[in-house]
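Thanks for sharing this one. Have a look at the structure first, and then we can go through it together.

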Amino acid sequence: RGNLDQQLKILDSSWQMTGIGGAGMAGAGVTLLFDISNLAVMGIIEVLTRLKDIRSAMHILEKQFRTKRPDLLILIDYPGFNLELARRAKKYDIPVFYYISPKIWAWREGRIERIKKYVDRMAVILPFEKKFYQRHDVDVDFVGNPLLDQVHATLKPAEIKTRYNIESDATVIGIMPGSRRQEIAKLLPLFMQAAVKLNSEIKKCVFLLPLASTLAEDEIKEHCRQLDRLLDIRIIKDERYAAMAACDAAMAASGTLTMELAILKVPMVVCYRVSLISYLLAKPFIKVKYASLVNLVAEKEVVPELLQYKATPENIYKEILPLLLNKDAAKDMQQELARVSAQLGEPGASKRAAKLAMEMVAAGMIRKHPRRGGTSGAQASIERVTRKQLQK
């Protein structure tokens with residue numbers, strides 16, 4: 001989110017941006033109307049617990065539509081909220097640009113009708129998504145994956161070990177339960193119990209837990225308290241990607257995290273759990289064979305997936321142990337992860353998306369100021385700026 005806003009500012013520093021987001025967007029110069037952390041939930045039941053916040057955010061944004069009509073509405077993922085927001089934007093004739101597709105190809109494909117009705121242009125970040133939208137006659141561009149611009153290990157594994165006083169021959173295992181509080185609550189206890197089993201099997205064993213920016217260290221420590229005295233756990237607040245890359249293998253929550261690990265070529269076991277009611281309600285609508293983005297892009301099982309009742313400490317232990325003890329198994333997975341990463345396109349996704357957004361704004365301004373017996377000063381300025389920026 002923040003990277004896109006930065007690129008918009010680079011293309012045109014006069015842009016004034018407001019929206020829902022977090023520290024990244026605020027740092028890019030966006031005036032925040034609502035904190036995204038209050039809306040970051042997954043699962044039907046989990047969403048119901050946040051209805052008050054969702055309604056409040058929707059009310060604030062629609063008021064903005066009425067009083068300070070924006071030239072463009074940019075939506076990012078989060079379909080339940082964003083598609084309703086797009087519908088309301090259309091009441092005020094606001095063009096809608098959707099960057100990072102909601103996963104309607106995975107479940108609730110019927111939402112494609114709302115996208116066709118309310119979204120003017122879609123920019124997708126996974127290669128198979130473009131074909132999906134083209135089949136449904138949606139104006140779509142594949143811009144590459146923004147993770148390619150941000151996922152870089154700034155330190156080598158040996159340097160991470162030195163910084164955190166980890167013995168050079170120690171086995172380093174990642175504990176990565178996600179960035180949402182509900183993910184932490186569901187997965188971290190499972191990962192901790194699996195870690196105890198691994199600790200009894202592997203002589204020198206260190207666990208790294210890179211801290212997501214959305215979480216506080218105290219929140220993590222609260223979940224670790226009962227077992228951390230049995231384990232050597234390092235909570236890493238800085239150099240997150242370097243810490244991830246230093247892991248020999250990782251226990252990971254399904255989601256963007258798995259693609260980050262793929263880019264870093266870290267072998268992994270993928271897990272996920274939601275409430276039982278959310279799982280039962282969602283299951284009939286799920287249309288894909290795999291849950292993790294890695295396997296979806298690969299179109300085969302590259303990484304093991306342990307979902308819902310299969311996500312147990314014993315199963316996690318059984319799946320990750322060969323990746324730690326068998327170098328050939330780890331190398332085979334790393335090669336598959338490299339192939340997946342290669343399918344994500346070239347760096348520069350946010351810049352390409354920003355150019356598409358600028359095209360839409362320019363087109364809208366030209367529509368407001370049509371030629372009248374020649375090119376007006378305003379029109380000429382718009383066209384000149386647009387050509388100049390899009391050639392960069």
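Here are a few numbered points on confidence, the sheet, its helices and one residue.

1. Please keep in mind that this is a predicted model. The average pLDDT of the protein chain is 84, and 85% of the residues reach at least 70. Residues 371-392 need care: pLDDT stays under 50 there, and the model gives this stretch 21 contacts beyond four places in sequence. Where pLDDT is low, the predicted coordinates should not be read in detail, so I would leave the specifics of those contacts aside.

2. Next, the sheet. It is open and built from four strands in the order 3-4-5-6, with parallel pairing. Strand 3 and strand 6 (140-142) are its edges, each pairing on one side only. From one strand to the next, the twist averages 20°.

3. Inside that order, strand 4 (residues 96-99) and strand 5 (residues 121-124) run parallel and are joined by three bridges. Tyr-98 stands opposite Met-122 of strand 5.

4. Two helices are worth viewing against the sheet. Helix 5 (residues 79-91) lies across strand 3 and strand 4, at about 165° to strand 3. Helix 7 (residues 127-135) lies across strand 5 and strand 6, at about 165° to strand 6.

5. Finally, is Leu-72 buried or exposed? Leu-72 sits in the loop between helix 4 (51-67) and strand 3 (73-76). It counts as buried because its relative accessible area is 13%, where the cut-off is under 20%. Beyond four places in sequence, Leu-72 touches Ile-94, Pro-95, Val-96, Phe-97, Ala-357, Met-360 and Val-361. Ala-357 is 285 residues away along the chain, yet the two C-alpha atoms are separated by 7.8 Å.

Conventions. Residues are numbered from 1 along each chain as its sequence is written. This is a predicted model: local features need pLDDT of at least 70, side-chain atom pairs count only at pLDDT 80 or more; totals for chains, interfaces and linings use all residues. Side-chain values use heavy atoms; hydrogens and water are left out. pLDDT is the predictor's confidence in each residue, from 0 to 100. Contact means heavy atoms within 4.5 Å. Buried means under 20% relative accessible area, exposed over 50%, partly exposed in between (1.4 Å probe, protein chains only). Two strands pair if DSSP finds at least two bridges between them. Axes are lines fitted to C-alpha atoms, for helices over the stretch in contact, and angles run from 0 to 180 degrees between N-to-C directions.
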